[in-house]
Amino acid sequence: MFPALVIAPSLKTGRNIAASLLCALALLPSNAAQAEPAPDLFPFEVSYGASMEKGVSLNGSAKRILTSQGNDVWLYRTEVKSFIADLDESLILKWEDGKVVPLRYRYRLSGFLIKDRTQSIDFDWKAGVATGDYRGKSFKVELQEGILDPLGFQVQLHQDVLNGKREMEYQVLDRGKIDSERFAVVNDNASSSDGAQSSLLKAEKVRENSKRETLMWFDPASQFVLVRLLQVEPDGSKYELKLKSVDLGG
């Protein structure tokens, strides 16, 4: 996630900012055309530089790694490092018929002048329940088909965008509650072929009754790599993510 850059100015809202920023990291590159079915998952490692501006500038780095464990089981991991905090977030998932099936989710945030935060969720699809722990409090939730976790919905978002969807909504289990997450592409010029430099695909997180804005830009000329993420808070504070490097596995 991105909490290492936002928790110091606002402990109350830092985790919400982090969640909305890092959801965009899942929209990773593919060379598939929009009209064609999205490809199966493939291993990758993507790095980003992260910054915050709220009277003072803070810098950090974020990394996303997806690796195959065999038999359509994958490990998806986020690492964030900064002066303020470090984050380790991971998901073991099953990839079935083009859909994410979460199996085991783990989250740990620790750092300077903040309280450590942890969360675990284990999905038992045969029993139809998910059990977990958030900040030392256990929870148990009845599962329904399609329910995702805080990392799994990001993988699904990526695949849906590649399949041509431009409005998406997911049911996400987080902190013992199931919430809806909505996204929309607001400017899609990815199919431009006039020989000029292609316009970036622009997407946003859809919110109601909120002045917070989260915008994402992707470069179709570079296999739809996320090149920039910008979140603007109601007070004018800005949080930004910029691509540093990408390594796609074979």
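**Close-up views of a predicted model**

**View 1. A negative surface patch.** Asp-40, Asp-72, Glu-96 and Asp-97 together form a negative patch on the surface of this model, which is a predicted one. One of these residues, Asp-97, belongs to the loop that runs between strands β4 (85–96) and β5 (99–111). With a relative accessible area of 82%, Asp-97 is classed as exposed, because the cut-off for that class is over 50%.

**View 2. The backbone at Asp-97.** Asp-97, a residue other than glycine, has a positive phi value, near 50 degrees. The residue with this backbone angle is found in the loop between β4 and β5, and its relative accessibility of 82% counts as exposed.

**View 3. The backbone at Arg-175.** Arg-175 is not a glycine, although its phi is positive, at about 60 degrees. Its place in the chain is the loop between β9 (167–174) and β10 (177–187). The relative accessibility of Arg-175 is 33%, so this residue counts as partly exposed, a class that lies between the cut-offs of under 20% for buried and over 50% for exposed.

**View 4. A tilted aromatic pair, Phe-153 and Tyr-170.** The count of aromatic pairs in the model comes to four. Among them is the pair of Phe-153 and Tyr-170, whose rings lie 6.3 Å apart from centre to centre, with 45 degrees between the planes, and which is described as tilted. Because Phe-153 lies in helix α2 (residues 152–162) whereas Tyr-170 lies in strand β9, the pair ties together parts of the chain that are 17 residues apart in sequence. Phe-153 counts as buried at 5% relative accessibility, and Tyr-170 likewise counts as buried, at 6%.

**View 5. A stacked aromatic pair, Phe-153 and Phe-183.** The ring centres of Phe-153 and Phe-183 are 5.9 Å apart and the ring planes stand at 20 degrees, so this pair is stacked, the cut-off for stacking being under 30 degrees. Since Phe-153 lies in helix α2 and Phe-183 in strand β10, the pair ties together parts that are 30 residues apart in sequence. Both of these residues, Phe-153 and Phe-183, are buried.

**View 6. The aromatic cluster.** Phe-153, Tyr-170 and Phe-183 are linked by ring pairs into a cluster. In this cluster, the pair of Phe-153 and Tyr-170 is tilted, whereas the pair of Phe-153 and Phe-183 is stacked.

How values were computed:
Residues numbered from 1 in each chain as written. Predicted model: local features only at pLDDT ≥ 70, side-chain atom pairs only at ≥ 80, totals over all residues. Heavy atoms only, no water. Patch = residues over 30% accessible without salt bridge, like charges linked within 9 Å, V, L, I, M, F, W, Y side chains within 5 Å. Areas by Shrake-Rupley, 256 points an atom, 1.4 Å probe, with all protein chains shown as cover. Salt bridge = Lys/Arg side-chain N within 4 Å of Asp/Glu carboxyl O. Lys, Arg positive; Asp, Glu negative; His and termini not counted. Charge placed at Lys NZ, Arg CZ, Asp CG, Glu CD. Helix = DSSP H or I, 4+ residues; strand = E, 2+ residues; numbered from the N terminus. Buried < 20%, exposed > 50% of the residue type's maximum accessible area, 1.4 Å probe, protein only. Phe/Tyr/Trp six-rings, centres within 6.5 Å; stacked < 30°, edge-to-face > 60°.
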